[in-house]
Amino acid sequence: MSRTKLVVATGNAHKLREIADIFTEYEVVSQKQMGFDVDVEETGTTFVENALIKARVASKALRCIALADDSGLCVDALNGAPGVHSARYCGRHGDDKANRDLLLNNMRNESNRRAFFISAVALVYPDGTELVAEGRTYGNILREEQGEGGFGYDCLFESEDLGKSFGLATAEEKNAVSHRFRALQALRAKMR
């Protein structure tokens, strides 16, 4: 029996793997694997808006169920920055090391290290039905990188749930408490 195909509107292999690890009952494929290799401009001002933009474009182009995620790191002492600009905080998209270096620099004199990762997920069906959900995971910004696991800011984020950085966590540990896991669980509940 074949599983229902769930097309994920992302070019990020790390996100795709996390989603596949969580949504095991689906055949999770990227939009690129479906022959749609378009980098959709994220023009929204919120994580939900950006997730919907990406899911709508993929669903319409491929005439299928499409899932998109927009996520980021929000730091209390920085008034929520990097926020929706997390992937391009340093001014270049996807330069994880430069983003982390800038964050550490901006946090060097801050005693309030509180932060959270947020994920907004959007599911768009070919008939135009849309579902959205959000998830968060809380912790603190470390003063130096710890671990080499994960991606993005993981090695600077000490998880409240795990008591260690996401960079030191196994994929299974991170996925059990991650913002994306929580958003996808909330979305799954709405899908029933």
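Here is a friendly conversation about a predicted model.

Visitor: Let's start with the sheet; in what order do its 7 strands stand?
Guide: The sheet is open, and its strands pair in a mixed way. Strands of a sheet pair through backbone hydrogen bonds, either parallel or antiparallel. Read across, the order is β2-β1-β3-β4-β5-β6-β7.

Visitor: Which strands stand at the edges, each with a single partner strand?
Guide: An edge strand has one side left without a neighbour in the sheet, because a single strand partners it. The two that fit are β2 (27-30) and β7 (164-165).

Visitor: Which residue of β6 stands opposite N140?
Guide: Strand β5 covers residues 130-141, and β6 covers residues 157-159. The two run antiparallel and are joined by 3 bridges. Opposite N140 in β6 stands E158.

Visitor: And what angle does the direction of helix α2 make with that of β3?
Guide: Helix α2 (residues 47-62) packs on the sheet. The strands that α2 touches are β1, β3, β4 and β5. With the direction of β3, the direction of α2 makes about 160 degrees.

Visitor: Let's go inside: how many residues has the largest nonpolar core, and which elements each supply at least two of them?
Guide: Those with the most contacts inside this core are L6, F23, V28, L67, V121, L184 and L187. The core has 16 residues. Supplying at least two residues each are β1, α1, β4, β5 and α5.

Visitor: Which residues is F23 in contact with, leaving aside its neighbours within four places in sequence?
Guide: F23 is listed with those having the most contacts inside the largest core, as are L6, V28 and L184. Those three are also contacts of F23 itself. The full set is L6, V28, L184, R188 and M191.

Visitor: What arc do the buried residues of α5 fall within?
Guide: In α5, the buried residues are H179, R180, A183, L184, L187 and R188. Seen down the axis of α5, they line one face, because they fall within an arc of 165 degrees.

Visitor: How far apart are the end C-alpha atoms of α5?
Guide: Helix α5 has 13 residues, and at 1.5 Å a residue they should span 18 Å. The model agrees with this expectation, as the end C-alpha atoms are 18 Å apart.

Visitor: Now to α1: which elements do its buried residues pack against?
Guide: K15, L16, E18, I19 and I22 are buried in α1. They line one face of the helix, because they fall within an arc of 165 degrees seen down its axis. The elements they pack against are β1, β2, β3, α4 and α5.

Visitor: R17 is in α1 too; is R17 buried or partly exposed?
Guide: Helix α1 covers residues 13-22, and R17 has its place there. Partly exposed means a relative accessible area between 20% and 50%. At 48%, R17 is partly exposed.

Visitor: Which peptide bond is cis?
Guide: P82 is found in the loop between β3 and α3. With omega near 0 degrees, the cis bond runs from A81 to P82.

Visitor: What is phi of N79?
Guide: N79 lies in the loop between β3 and α3, and at 77% relative accessibility it counts as exposed. N79 is not a glycine, yet its phi is positive, at about 55 degrees.

Visitor: Is R63 buried or exposed?
Guide: R63 has its place in the loop between α2 and β3. Phi of R63 is near 50 degrees, a positive value in a residue other than glycine. With a relative accessible area of 69%, R63 is exposed.

How values were computed. Residues are numbered from 1 along each chain as its sequence is written. This is a predicted model: local features need pLDDT of at least 70, side-chain atom pairs count only at pLDDT 80 or more; totals for chains, interfaces and linings use all residues. Side-chain values use heavy atoms; hydrogens and water are left out. Two strands pair if DSSP finds at least two bridges between them. Helices (H or I, at least four residues) and strands (E, at least two) are DSSP runs, numbered from the N terminus. Contact means heavy atoms within 4.5 Å. Axes are lines fitted to C-alpha atoms, for helices over the stretch in contact, and angles run from 0 to 180 degrees between N-to-C directions. Buried means under 20% relative accessible area, exposed over 50%, partly exposed in between (1.4 Å probe, protein chains only). A nonpolar core is a set of buried Ala, Val, Leu, Ile, Met, Phe, Trp, Tyr and Cys residues joined through side-chain atoms within 4.5 Å. The expected span of a helix is 1.5 Å times one less than its number of residues. The arc is that of the directions from the helix axis to the C-beta atoms.
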